[in-house]
Amino acid sequence: MTVEINSLKQIRFFEKYTDEQLGKIAAISSVREFRVKEIIFDQYDELSEVFVLLSGSLSLGITVPPDKRIHLGSIEEGHLFSWSAVFYPYISTAWVIAVTPAKVISIDARKLDAEIEKDCDFGFKTMSKIAQTISHRLSDTRFQLMNQLNL
Amino acid sequence: MAGQHNNIYKPLRATLEEVIEESPLIKTFVLIPDEEFIFRTGQFIELSVEGVGEAPFTPSSSPLVTDRLEVTVMKTGYVTGIMHELKPGAVMGIRGPYGRGYPVTRFSGKEVLILGGGCGLAPIRSLLFTLEHMKADLEKVILCYGSKTPADCIYKPLFSRLNSIDKFEAYRTVDVTDDEWDGPVGVATKLLDNVRVNIDNSVAVVCGPPIMMKFGTIRLLEMGYRDDQIYLSMEKNMSCGLGKCGHCMMGEFFVCKDGPVFTYNEIKHSPEIWK
């Protein structure tokens, strides 16, 4: 399923992009759907897509050896996940599973890399937004850890 | 300072009318004071059990109701443990109200973003009653609240009620989910990612455990709030309530007398702010 520029405009993650830049994203994106309990990607998978959740609810977590699955949090609509797909070695640090039927925008990460290389403004906006996502994830994880340890 | 009573050291007698179990460790005590009890939202009281001791709490009821007071108590130690054993009909003491509450008149014409965690929803509930009363003067009120588990969430019916009020929005998250919960999972600050506020015309209120207050304030600053737009409700072992005993000192401030509500701007340099 193809992605329209107008539908990208409704999503918070894509605020501040110009129409031309949204066109670039739409051209390298598609919509994918996942069933309940379907694994979108597993921890340590090599990733080639960056996702933005359009609808539904996803659970993000990690697996602790030997096989204890720890649920770290949910991913809400409009949020980016699978950021590891943009950074070498492209290995996911967590797993994501669909809690409800979910629809996501899938962006081809290698083609996104190429657009980032070509257009500095586009690259800066994209990397800033991805950095903010990672920063929030890190901050929330610290907060969660301190909560769990009752610090 | 005490409002209606002449003696600021003397507790006002109050009869326990009802005990509401909010969560495994938290109960709300509905008290009927012998006299009208007037407080401003965000001020605190010292609630006592005769022969046992007293502890500071911020009332969770509306300041517009003066013949009935609700106080939400988390079981954390000896005095609160005894309080949790009390049954309707028991007599308690109320000393206060003390300190500086929320400057709600300054919220007029603004969007109010409230971030709460755990038992911090108690003072917020009182604030929400006040804001509901003045909603014609407000643009919007958004509550973002996090509890450790779904069972730890207090005042559960409050959320659906708030979402049915014009200009009010309420969101909940939990740190750890259970089989019943189908809402967001994660810490309270995560909810801030989804709220839409006009920050230039907004104030933020934060109340909860120190760790949540710290991360919440950082996230609000990152969103673009200025130091003087963020109101923090501090809890620092208030004891006398009069700025005399020094138990609640935080830098140059007595939390009991100068607070418990401060702007972040006022206390950001205090080394004890998040302790």
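This passage describes the fold of chains A and B, then one sheet and one residue of chain B. The model is a predicted one.

Chain A contains 4 helices and 8 strands. Their order along the sequence is α-α-β-β-β-β-β-β-β-β-α-α. The strands thus follow one another without a helix between them, and helices stand at both ends of the pattern. The radius of gyration of chain A is 16 Å, and the globule rule gives 15 Å for 151 residues. The two values are close, so chain A is as compact as a globular protein of that length. Along the principal axes, its C-alpha atoms fill a box of roughly 45 × 30 × 25 Å. Of the 151 residues in chain A, 30% are buried. Contacts in chain A with a separation of 6 or more were also sorted by sequence distance: 71% of them involve residues 24 or more positions apart.

Chain B has 6 helices and 14 strands. Its radius of gyration is 18 Å, close to the 19 Å from the globule rule for 275 residues, so chain B too is as compact as a globular protein of its length. The C-alpha trace of chain B spans about 50 × 45 × 35 Å along its principal axes. Buried residues account for 46% of the 275 residues of chain B. Among contacts in chain B between residues at least 6 apart in sequence, 70% link residues at least 24 apart.

The domain assignment splits chain B into domain 1 (12-98) and domain 2 (104-233). The C-alpha centres of these two domains of chain B are 24 Å apart. Across the boundary, 15 residues of domain 1 of chain B are in contact with 16 residues of domain 2 of chain B. On the domain 1 side, strands β1 (12-23) and β5 of chain B each supply at least two of the touching residues. By type, the residues of that side of domain 1 of chain B comprise 6 nonpolar, 8 polar and 1 charged.

An open sheet in chain B is formed by 6 strands. Their order is β4-β3-β6-β1-β2-β5, and the pairing is antiparallel. Strands β4 (53-57) and β5 of chain B are the edge strands, since each pairs on one side only. From one strand to the next, the twist averages 35 degrees. Strand pairing in a sheet, whether parallel or antiparallel, is made through backbone hydrogen bonds. Within this sheet, strand β3 (residues 44-49) of chain B is joined to strand β6 (residues 91-98) of chain B by 4 bridges. These two strands of chain B run antiparallel. S48(B) stands opposite G93(B) in β6(B).

The edge strand β5 (residues 69-74) of chain B includes E70(B). E70(B) has 19 other C-beta atoms within 10 Å, so E70(B) is classed as partly exposed. A residue counts as buried at 20 or more such atoms. Leaving aside residues up to four places away in sequence, E70(B) touches T28(B), V30(B), P59(B), S60(B) and S61(B). E70(B) is also 9.8 Å from I20(B), C-alpha to C-alpha, although 50 residues separate E70(B) and I20(B) in sequence.

Note on methods
Residues are numbered from 1 along each chain as its sequence is written. Chains are lettered from A and ligands numbered from 1 in the order in which they are written. This is a predicted model: local features need pLDDT of at least 70, side-chain atom pairs count only at pLDDT 80 or more; totals for chains, interfaces and linings use all residues. A residue is buried if 20 or more other C-beta atoms lie within 10 Å of its own, exposed if 12 or fewer, and partly exposed in between; C-beta atoms are placed from the backbone. Two residues are in contact if their C-beta atoms, placed from the backbone, lie within 7 Å. The radius of gyration is taken over C-alpha atoms; the globule rule is 2.2 Å times the number of residues to the power 0.38. Domain bounds come from an automatic or database domain assignment. Ala, Val, Leu, Ile, Met, Phe, Trp, Tyr, Cys and Pro count as nonpolar, Asp, Glu, Lys and Arg as charged, and the others, Gly among them, as polar. Two strands pair if DSSP finds at least two bridges between them. Axes are lines fitted to C-alpha atoms, for helices over the stretch in contact, and angles run from 0 to 180 degrees between N-to-C directions.
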